[in-house]
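This report goes through selected features of one protein model, from the interior outward to single residues. The sequence and structure come first.

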Amino acid sequence: MKQLKNEELRWVQINFNSLFLFFLTGICTGLVITFYKVGIDKFAKLVTGFLKNYGSSPMGKIIFISAFFIMASIIYFFTKVDPNIKGSGIPIIFGVLDKKFNVDWKKTLPMKFFTSIVTVGSGLTLGREGPSVQMGGLVGQAVHQIGKSVEERRVFVGASSGAGFAVAFNAPLSGIMFAVEEIYKKTNRKIFLSSSVTVFSAIIISNMLLGNHPTLENIPKIKALGLSAYSHIFFLGLLTGLSGVLYNKVIIGSKKYGEKIKINPFVKFVIPFLVTAIFLLMDINLFGSGEHFIFYPLSQNAEPLRLIYYYFMKLFLLAIIFAVGCPGGSLVPLLAMGSLVGNIYGSILAGAGIITPDLILTFSILGMCGQFSSIVRAPLTGIVLILEMTGGSFDYLLAVAIVAMLSYTLAESLHSKPFYSHLYEMMVGKN
């Protein structure tokens, strides 16, 4: 017992000397991801402004499609210079932690920053979270190298990856949970302390620059669910579980199938950009990750058939762009699609008079959590993330947990592999 206490004291003393570097890592991560989010927002407003003002004219359509072709050409060039900027970047972080991949942060960090602002901000069906995690991890790698810390590099990379996730969603507890559940897949005092210091310092910097607002800022306070609704909650958990299995099968399958298509690599890379540009010209509602779908129950909600159309269109557009390894994440799109599953189910129940229309929003939020849990296979992170994204606007934590665990259990029973782990296995298998 005495020896154990001495070891714990020695651990605290050693790591106390590194706390400043973890704090500095958080500050740097907060700055990088905050500017990244601002860049996406500015670019997205520019693109949507062009679509609204000129997207209906023949010349505007030609300019828009041409711009996507030029953008695809530039991004393709960058991915050839540094393949480590491809995709979401989370599997790359797994490889850095396992010492499977050698990543030069001096090259990859700025290139990932620029390419992801362009791809996510241009309206492609991609999210900000994957690049945020990868760039956060690279910031940790940089501080570890420059600061010459006695700590292992993986501690800095893992902690700052969680900080990148936290800043992407302004969700500090979720960032810590993501580091524990998804990045490390375990925890101890060192992991918890380093992740907490890094995440909280990153969030403080982000809030100082952007303000402290939940991601879904306009979600109203939602009352607790009655017991009669829980039978429908159980079925929603099964639906989101099946949706998650479908998502993994389609998106991972698109990656495998895309590699088998034997055409010119440049042509293969450009096609998803041009297809997306054409669909955006036809329907601006397909723009971006689909985060706006979450708010549909608060305004003029679409009919169930229209919502089903949006669900499969976002799945298709994500699949084709993901297949070619375009820089950008898939987590925000999967949350948006989960909200559509909940919206569709809730709208059908409301249309049949089984539930009141005001509960459709509740089902949408529950759908987000279920979809996250079945795909990423990190239910605790999903529960906390939804709580933080909505600013704690609900009193039905039990319902969220039930949907998360049912979705998780169904995906496990159907032998659907966790999304990021599956991608990592595919990447390691190639090397």
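In this predicted model, the largest nonpolar core holds 132 residues, and the members that touch the most other members are Phe-169 and Leu-335. Once neighbours within four places in sequence are set aside, Leu-335 is in contact with Phe-169, Met-368, Phe-372, Leu-385, Ile-386 and Met-389. Phe-169 and Leu-335 thus appear together in this contact list.

The UniProt record, an unreviewed entry, lists residues 334-355 as "transmembrane region", along with 20-38, 59-78, 191-209, 229-248, 269-288 and 308-327. Two of these spans can be compared with the model geometry. Residues 20-38 are 100% helix and 0% strand, with 27 Å between the end C-alpha atoms. Residues 59-78 also come out as 100% helix and 0% strand, and here the end C-alpha atoms lie 29 Å apart.

The largest pocket has a volume of about 1200 Å³. Its lining comprises 34 residues, of which Ile-40, Asp-41, Arg-128, Thr-215 and Glu-291 are the closest to the centre. Sorted by class, the lining has 15 polar, 12 nonpolar and 7 charged residues. Helices α2 (19-54), α5 (105-121) and α9 (189-210) each contribute at least two lining residues. The most comes from α2, which supplies 8 residues.

Which residues does Gly-89 touch beyond four places in sequence? The contacts of Gly-89 are Lys-112 and Gln-134. Gly-89 itself sits in the loop between α3 (58-81) and α4 (90-97). Its relative accessible area is 2%, so Gly-89 counts as buried. Lys-249 is 160 residues away from Gly-89 along the chain, and the two C-alpha atoms are separated by 19 Å.

Met-426 belongs to helix α17, which covers residues 419-430. Outside its neighbours within four places in sequence, Met-426 is in contact with Ile-252, Lys-255 and Lys-256. For Met-426 and Lys-255, a sequence separation of 171 residues corresponds to a C-alpha to C-alpha distance of 9.7 Å. Met-426 has a relative accessibility of 17% and is therefore classed as buried, because the cut-off for buried is under 20%.

Two loop residues stand out by backbone angle. Most residues other than glycine have a negative phi. Arg-377 has a positive phi near 65 degrees and is not a glycine. His-415, also not a glycine, has a positive phi of about 60 degrees. Arg-377 is found in the loop between α14 (360-376) and α15 (379-389), while His-415 is found in the loop between α16 (397-413) and α17.

Are these two residues buried or exposed? Arg-377 is buried, whereas His-415 is exposed. The table sets out the accessibility values for the single residues discussed above.

| Residue | Relative accessible area | Class |
|---|---|---|
| Gly-89 | 2% | buried |
| Arg-377 | 9% | buried |
| Met-426 | 17% | buried |
| His-415 | 71% | exposed |

The exposed class begins over 50%, so His-415 at 71% falls within it. Arg-377, at 9%, is under the 20% limit and is therefore buried.

How values were computed:
Residues numbered from 1 in each chain as written. Predicted model: local features only at pLDDT ≥ 70, side-chain atom pairs only at ≥ 80, totals over all residues. Heavy atoms only, no water. 1 Å grid on protein atoms, 1.4 Å probe; cavity = no way out; pocket = protein on both sides within 12 Å on 5 of 7 lines; lining within 4 Å. Points joined across faces, edges and corners; volume = space filled by probe spheres on them. Helix = DSSP H or I, 4+ residues; strand = E, 2+ residues; numbered from the N terminus. Nonpolar A, V, L, I, M, F, W, Y, C, P; charged D, E, K, R; others polar. Core = buried A, V, L, I, M, F, W, Y, C linked by side-chain atoms within 4.5 Å. Buried < 20%, exposed > 50% of the residue type's maximum accessible area, 1.4 Å probe, protein only. Contact = heavy atoms within 4.5 Å. UniProt positions renumbered as here; feature names shortened; annotations may be inferred.
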